[in-house]
Amino acid sequence: MVVASGPPSAGNRFDRRPEPEYEDWYVRNQRGAAMAKVSPFHTDSEEYPMAHREVYHDNDACYEGKEIFPEHRQGGTGGKPLCEVCAGLS
Ligand SMILES: [Zn+2]
């Protein structure tokens, strides 16, 4: 009789899924609420004019921030100044 000793199969149980949609979901959840503060985001995508790439946004009500598609958004300030529209909304 052979006792097979393999690795424990507990791997799947602790499989943590990343949540790439979290910020998008958060922003969507805030829709309808005026002046909704969101996590800072910015874009480095060259699809946007320089003025859009030089600043970061932190308000869902910002029309300039809204023009940045969720897939082009990067979390954080990127070391950039706060967008003037967001600054006015804050
Ligand atoms: Zn903004």
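Glu67 is partly exposed in this predicted model, because 13 other C-beta atoms lie within 10 Å of its own, whereas a buried residue would need 20 or more and an exposed one would have 12 or fewer. Glu67 is placed in the loop that runs between helix H3 (63-66) and strand E3. Although 15 residues separate Glu67 from His52 in sequence, their C-alpha atoms are 9.1 Å apart in space.

From this loop the reader may pass to the sheet. Three strands form an open sheet, arranged in the order E2-E1-E3, and their pairing is antiparallel. Strands E2 (57-59) and E3 (74-75) stand at the edges; each has a single partner strand, so one side of each is left without a neighbour in the sheet.

The pairings can be followed residue by residue. Strand E1, which covers residues 37-42, pairs with E2 in the antiparallel sense over 2 bridges. In one of them, Lys37 has Asn59 of E2 as its bridge partner; Phe41, in turn, is bridged to His57 of E2. E1 and E3 also run antiparallel and are joined by 2 bridges. Here Phe41 appears again, with Gly75 as its bridge partner in E3.

Phe41 also belongs to the largest nonpolar core, which consists of 6 residues. The other members are Val55, Tyr56, Cys62, Cys83 and Cys86. One of these, Cys86, is in contact with His57, Asp58, Asn59, Cys62 and Gly65, when its neighbours within four places in sequence are left aside. Among these contacts, Cys62 is likewise a member of the core, while His57 is the residue of E2 that serves as bridge partner to Phe41.

Val85 is found in helix H4, which spans residues 84-89. Val85 is partly exposed, because 17 other C-beta atoms lie within 10 Å, and a buried residue would require 20 or more. Leaving aside neighbours within four places in sequence, Val85 is in contact with Cys62, Tyr63 and Glu64. Tyr63 lies 22 residues away from Val85 along the chain, yet the C-alpha atoms of the two are separated by 7.8 Å.

Finally, the confidence of the prediction should be considered. The protein chain has a mean pLDDT of 80, and 61% of its residues reach 70 or more. Confidence is highest in E3, at 97, and lowest in helix H1 (residues 22-29), where the mean is 58.

Notes: Residues are numbered from 1 along each chain as its sequence is written. This is a predicted model: local features need pLDDT of at least 70, side-chain atom pairs count only at pLDDT 80 or more; totals for chains, interfaces and linings use all residues. A nonpolar core is a set of buried Ala, Val, Leu, Ile, Met, Phe, Trp, Tyr and Cys residues joined through C-beta atoms within 7 Å. Two residues are in contact if their C-beta atoms, placed from the backbone, lie within 7 Å. Two strands pair if DSSP finds at least two bridges between them. Helices (H or I, at least four residues) and strands (E, at least two) are DSSP runs, numbered from the N terminus. pLDDT is the predictor's confidence in each residue, from 0 to 100.
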